[in-house]
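Let us take a friendly walk through one protein model. Have the sequence and the 3D view open while you read, and look for each residue as it comes up.

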Amino acid sequence: MPSATEVKALYKAFLREGKKFSNYNIREFVQRKAKADFRSNAAQTDKAAVEQMWTQAKRDLEVAKRQALVYSLYGSRQKSVMDIPMVKVLQQQAKDAPYTTA
């Protein structure tokens, strides 16, 4: 059965892997899913179930690492609208909009 520090390290590893995705939607999904899964299983006390969740989480982390690598090689370099600071969006809209007075 994994110790609390091992579980915390695995949780942090999931969050770090989530940050490696360039796509906002995937990045947020991985982080949100990790948080939800770890929180929902935090109260689990059955040793067999904990061990099963531990091995599954380690497998899922390896999948996330592979997917992050694939996305870094073949993913789009274009940033999502969610990644662009709002100031730049407003400046671009002001530049593109025709000047009108009421």
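## Where α1 meets α3

In this predicted model, a good place to start is the contact between two helices: E6, V7, L10, A13, F14 and E17 of α1 meet W54, A57, K58, D60, L61, A64, K65 and A68 of α3. Sorted by class, this contact holds nine nonpolar residues, five charged residues and no polar ones.

How do the two helices lie against each other? The axes of α1 and α3 come within 10 Å and cross at roughly 25°. That angle makes α1 roughly parallel to α3, since angles under 35 degrees count as roughly parallel. The crossing of these two helices is left-handed.

## The whole chain

Now step back for a moment. How many helices and strands does the protein chain have? It has four helices and zero strands, so the pattern read along the sequence is α-α-α-α. The chain contains 102 residues, and buried residues make up 20% of them.

Contacts across the sequence are worth a look too. Take the contacts between residues at least 6 apart in sequence: 69% of these join residues at least 24 apart.

## Where α1 meets α2

Helix α1 covers residues 4-19, and helix α2 covers residues 24-40. Their axes come within 7 Å and cross at roughly 165°. The two helices are therefore roughly antiparallel to each other, because an angle over 145 degrees counts as roughly antiparallel. As α1 passes α2, the crossing is left-handed.

Which residues meet here? From α1 come V7, L10, Y11, F14, L15, G18 and K19, and from α2 come R27, V30, Q31, A34, K35 and F38. By class, this contact has eight nonpolar, two polar and three charged residues.

Try finding V7, L10 and F14 in the 3D view: these residues of α1 take part in the contact with α2, and they also take part in the contact with α3.

## The nonpolar core

Which residues make up the largest nonpolar core? There are eight in all: L10, A13, F14, L15, A34, W54, A57 and L61. Helix α1 and helix α3, which spans residues 47-74, each supply at least two residues of this core. The biggest share comes from α1, which gives four residues. A general pattern is useful to remember here: in soluble globular proteins, nonpolar side chains tend to be buried together.

L10 is a handy core member to click on. Leaving aside residues up to four places away in sequence, L10 touches F38, W54, A57, K58 and L61. Among these partners, W54, A57 and L61 also belong to the core.

## Buried or exposed?

Is F21 buried or exposed? F21 lies in the loop between α1 and α2, and it counts as buried because its relative accessible area is 3%, where buried means under 20%. Not counting residues up to four places away in sequence, F21 touches I26, R27, V30, A64, Q67, A68 and Y71.

K20 is found in the loop between α1 and α2 as well. K20 is exposed, with a relative accessible area of 51%. K8 sits in helix α1 and is also exposed, at 51% relative accessible area. K58, in helix α3, counts as partly exposed at 41% relative accessibility.

Each of these four residues can be paired with a partner elsewhere in the sequence. The table gives how far apart each pair is along the chain and in space, from C-alpha to C-alpha.

| Pair | Apart in sequence | C-alpha to C-alpha |
|---|---|---|
| F21 and Q67 | 46 residues | 8.4 Å |
| K20 and L69 | 49 residues | 8.5 Å |
| K58 and F14 | 44 residues | 9.4 Å |
| K8 and F38 | 30 residues | 9.4 Å |

Try tracing one of these pairs yourself. Begin at F21 in the loop between α1 and α2, then find Q67, which is 46 residues away in sequence, with 8.4 Å between the two C-alpha atoms. Q67 is also one of the residues that F21 touches.

Terms used
Residues are numbered from 1 along each chain as its sequence is written. This is a predicted model: local features need pLDDT of at least 70, side-chain atom pairs count only at pLDDT 80 or more; totals for chains, interfaces and linings use all residues. Side-chain values use heavy atoms; hydrogens and water are left out. Axes are lines fitted to C-alpha atoms, for helices over the stretch in contact, and angles run from 0 to 180 degrees between N-to-C directions. Angles under 35 degrees count as roughly parallel, over 145 as roughly antiparallel, 65 to 115 as roughly perpendicular and the rest as oblique. A crossing is left-handed if the near helix is turned anticlockwise from the far one by less than a right angle, and right-handed if clockwise. Contact means heavy atoms within 4.5 Å. Ala, Val, Leu, Ile, Met, Phe, Trp, Tyr, Cys and Pro count as nonpolar, Asp, Glu, Lys and Arg as charged, and the others, Gly among them, as polar. A nonpolar core is a set of buried Ala, Val, Leu, Ile, Met, Phe, Trp, Tyr and Cys residues joined through side-chain atoms within 4.5 Å. Buried means under 20% relative accessible area, exposed over 50%, partly exposed in between (1.4 Å probe, protein chains only).
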